[in-house]
Amino acid sequence: MEIEELRKAHPEHWKLASAVRALAMDAVQAANSGHPGAPMGLADVATVLFSKHLKFDAKAPKWADRDRFVLSAGHASMLVYALLHLAGDEQVTLEQIKNFRQMGALTAGHPENFLLDAVETTTGPLGQGIATAVGMAIAEESLRAHWGKKLVDHRTWVIVGDGCLMEGISQEAIGLAGMQELNNLIVLWDNNDITIDGRVSISDKTDQRARFAASGWSVLHCDGHDPADIDRALTEAKAAKGPVLVDCKTIIGFGAPNKSDSYAAHGAPLGDEEIARTKAIYGWNYGPFEIPADVKSAWEAIGSRGAAARSEWEERFAALSDSKRGEFTRIMTGTVSKKLVGAIRRFKKEQAEAAPKVATRKASEMVLNVINPICPETLGGSADLTGSNLTKSKEMSVFNPQNRKGRYINYGIREHGMAAAMNGLFLHGGVRPYGGTFFCFTDYARGAMRLSALMKVPTVYVMTHDSIGLGEDGPTHQPVEHLAICRATPNTLTFRPADVVETAEAWEIAMSQEGTPSVLALSRQGLPTLRTEYKPQNLTAKGAYVIAEADGKRQAILMATGSEVEIAMKAREILQAQAIGTRVVSMPCMELFAAQDESYRKRILPPNSVRVAVEAAVRQPWDRWLLGERGREAKAGFVGMDRFGASAPAPELYEKFGITPEAVADKVKALL
């Protein structure tokens with residue numbers, strides 16, 4: 001529809017949408033940075049969504065049964081900030097709008113979930129939003145099956161742009177959503193045909209409607225500037241079966257006389273003259289950041305529209321028994337079960353006595369058989385490697401359209417989509433997700449894993465086949481740099497347990513995190529139980545500890561993780577037999593060790609001893625412990641990898657690359 005026609009046909013809607021457009025233009029101009037075009041083009045769609053379809057209460061942005069709204073096209077952040085401010089969100093004041101993209105403002109360049117309560121997820125990298133939203137929709141289905149529609153009955157709405165749909169993760173997400181037949185997921189496509197470089201056609205010719213339909217979605221379309229047509233499409237979307245794509249045909253920078261329908265409106269301020277002319281076309285005769293009282297009042301009425309539904313929900317919630325209210329509150333706030341510590345301690349005691357030789361991936365499965373029955377909020381899965389990752393515990397059934405009470409997801413070969421969906425599962429609330437793949441495929445999951453850390457989402461990544469020890473699959477599958485990459489990521493705990501006891505301790509820590517993701521790097525090959533003396537204390541929580549003390553005068557300290565702790569222990573036997581007092585330090589989590597106080601670190605790594613680190617990976621993260629912390633380069637050495645692996649049985653590979661007890665002992669003697 002033409003603007004003049006819109007103004008006459010829908011005057012009240014036009015004023016509401018114009019307020020969104022004006023704030024977006026003004027904030028980007030004041031910041032001299034940002035993306036005004038997409039909010040201007042999406043204002044009509046968003047106004048209809050918020051005013052007529054979205055279940056929310058601006059005064060209670062964390063209400064459990066609210067609809068989830070995800071702006072996957074995160075560069076259009078001023079759209080959501082304008083909507084929240086106008087609707088009466090108490091965090092998004094006019095001052096915050098004026099300080100868009102400035103230091104200390106809650107209105108960051110892209111929406112950040114850790115800054116604003118009403119922002120459901122961080123959406124900077126394109127495609128992450130839609131993939132995360134799939135996890136939210138799965139969580140809603142799962143919780144509704146377990147708790148009933150009286151407590152859980154809402155939708156997940158997503159706005160995506162052309163860039164979101166070009167990113168490969170989008171196909172992983174829509175394929176998973178289509179297979180799962182997620183009835184509560186509605187995606188609104190901002191089909192404006194513009195990217196930074198120009199028309200979409202210069203880089204893509206995909207028929208997006210056909211792509212979604214082929215993946216099992218219902219597909220609708222509307223004129224993205226006609227509120228009646230938008231309302232019709234959204235109403236049909238809510239009644240449709242399975243996930244729904246609504247193709248909203250829009251014009252970027254809608255109304256800007258010189259920059260609309262052009263990449264010029266995408267990623268830069270419009271300029272004062274263009275803004276003035278655009279506002280004149282809108283009939284918006286107000287200065288920068290000025291919203292007339294009647295328009296603000298109308299928007300605040302929209303923001304309070306969900307208050308009645310929230311009040312009714314709170315009455316239903318209050319009618320539950322104390323135990324059910326307590327359990328629902330526990331899982332929605334992400335609090336771990338009080339039963340966990342005791343269960344892990346009993347398991348540790350049993351394993352210390354039994355002393356099995358098992359791969360740590362098998363040890364992880366054994367621990368999950370303890371955790372999952374007492375933590376009903378866990379939702380596990382694997383990227384088509386269940387039999388290798390061993391992530392499905394005994395009592396778990398598969399979550400699918402026929403069994404919404406299932407607690408195990410077959411993600412398919414979709415590592416990136418799985419990781420993003422797990423973020424969404426936790427962000428929705430009520431679910432504590434974990435998922436597995438081979439450790440080398442953290443490369444494929446990396447974008448979402450980084451966002452887990454940034455968003456403070458305690459997702460658990462079960463990454464098996466953690467070294468050259470996986471053997472014959474060869475260097476494409478043998479991770480050597482991946483421990484360094486994970487350890488380099490802020491706010492991430494990277495665990496490489498040495499045996500079944502350390503694996504149990506790592507799981508206890510990972511399950512107890514409130515804002516930090518965990519990576520469990522687990523072996524394919526069997527490892528002996530080294531911790532055969534039961535101790536209730538979680539030693540892994542210290543990050544590093546002495547697993548074997550020197551006999552006689554200490555001359556050397558061997559540090560190792562995972563499967564190489566066994567090698568260090570055997571090297572110690574060789575050295576002790578030659579009267580070289582040797583301490584072995586197991587270091588299952590460098591991040592936790594770094595967090596200990598100086599006195600503890602000094603006790604574990606005192607000065608005046610030769611130090612040798614042993615790990616079937618690159619040296620890079622070890623230098624702090626070899627050269628720092630009272631170490632000296634002349635007395636420090638590393639036994640590990642400095643190249644990619646090879647295809648052969650594991651014992652031959654360790655021999656070929658010199659990661660053996662004899663090589664470690666020789667390194668120590670050379671340094672003494």
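A residue is called buried when its relative accessible area is under 20%, exposed when that value is over 50%, and partly exposed in between. In the predicted model examined here, Lys15 has a relative accessible area of 29% and is therefore partly exposed. Asp294, with a relative accessible area of 44%, is likewise partly exposed. These two residues form a salt bridge in which the closest N and O atoms are 3.4 Å apart. The pair links distant parts of the chain, since Asp294 belongs to helix α12 (residues 293-303) and Lys15 to helix α2 (residues 11-31), with their positions 279 residues apart in sequence.

A search of the whole structure finds 40 salt bridges. Side chains of opposite charge can pair when their charged atoms come close. One such pair consists of Glu505 and Arg531, whose side chains meet at 2.7 Å, taken from N to O. Because Glu505 lies in helix α21 and Arg531 in the loop between β13 (518-522) and β14 (545-548), this salt bridge ties together parts that are 26 residues apart in sequence. Glu505 is buried, with a relative accessible area of 0%, and Arg531, at 7% relative accessibility, also counts as buried.

A further salt bridge joins the side chains of Glu598 and Arg630, at 2.8 Å from N to O. Glu598 is placed in helix α24 (residues 598-604) and Arg630 in the loop between α25 (623-627) and β18 (636-640), so that the pair ties together parts that are 32 residues apart in sequence. In this case Glu598 counts as partly exposed at 42% relative accessibility, and Arg630 counts as partly exposed at 25%. Both residues also belong to a network of salt bridges that links Glu598, Arg601, Arg624, Glu629 and Arg630.

Helix α21 (residues 500-512) also contains Glu508. Glu508 is buried yet has no salt bridge, and the nearest side chain of opposite charge, that of Lys348, is 5.5 Å away. Since a salt bridge requires a side-chain nitrogen of Lys or Arg within 4 Å of a carboxyl oxygen of Asp or Glu, the distance of 5.5 Å to Lys348 does not qualify. When residues up to four places away in sequence are not counted, Glu508 touches Leu340, Val341, Ile344 and Asn538.

Strand β3 (residues 185-191) is mostly covered, with 7 of its 7 residues buried. Leu185, Val187, Trp189 and Asn191 point one way from the strand, whereas Ile186, Leu188 and Asp190 point the other way, and all of these residues are buried. β3 pairs in the parallel sense with strand β2 (residues 156-161) over 6 bridges, and it pairs, again in the parallel sense and over 6 bridges, with strand β7 (residues 244-249). Trp189 of β3 appears in both pairings, standing opposite Val160 and opposite Asp247 in β7.

Attention then turns to the empty space in the model. Rolling a probe the size of a water molecule over the atoms shows where empty space is left. The largest pocket has a volume of about 610 Å³. It is lined by 29 residues, of which Lys62, Met332, Phe426, Leu427 and Gly429 are the closest to its centre. Helices α13 (307-318), α14 (322-333) and α18 (415-428) each supply at least two residues of this lining, and the largest share, 5 residues, comes from α14.

Technical notes:
Residues numbered from 1 in each chain as written. Predicted model: local features only at pLDDT ≥ 70, side-chain atom pairs only at ≥ 80, totals over all residues. Heavy atoms only, no water. Buried < 20%, exposed > 50% of the residue type's maximum accessible area, 1.4 Å probe, protein only. Helix = DSSP H or I, 4+ residues; strand = E, 2+ residues; numbered from the N terminus. Pairing = 2+ DSSP bridges. Lys, Arg positive; Asp, Glu negative; His and termini not counted. Contact = heavy atoms within 4.5 Å. 1 Å grid on protein atoms, 1.4 Å probe; cavity = no way out; pocket = protein on both sides within 12 Å on 5 of 7 lines; lining within 4 Å. Points joined across faces, edges and corners; volume = space filled by probe spheres on them.
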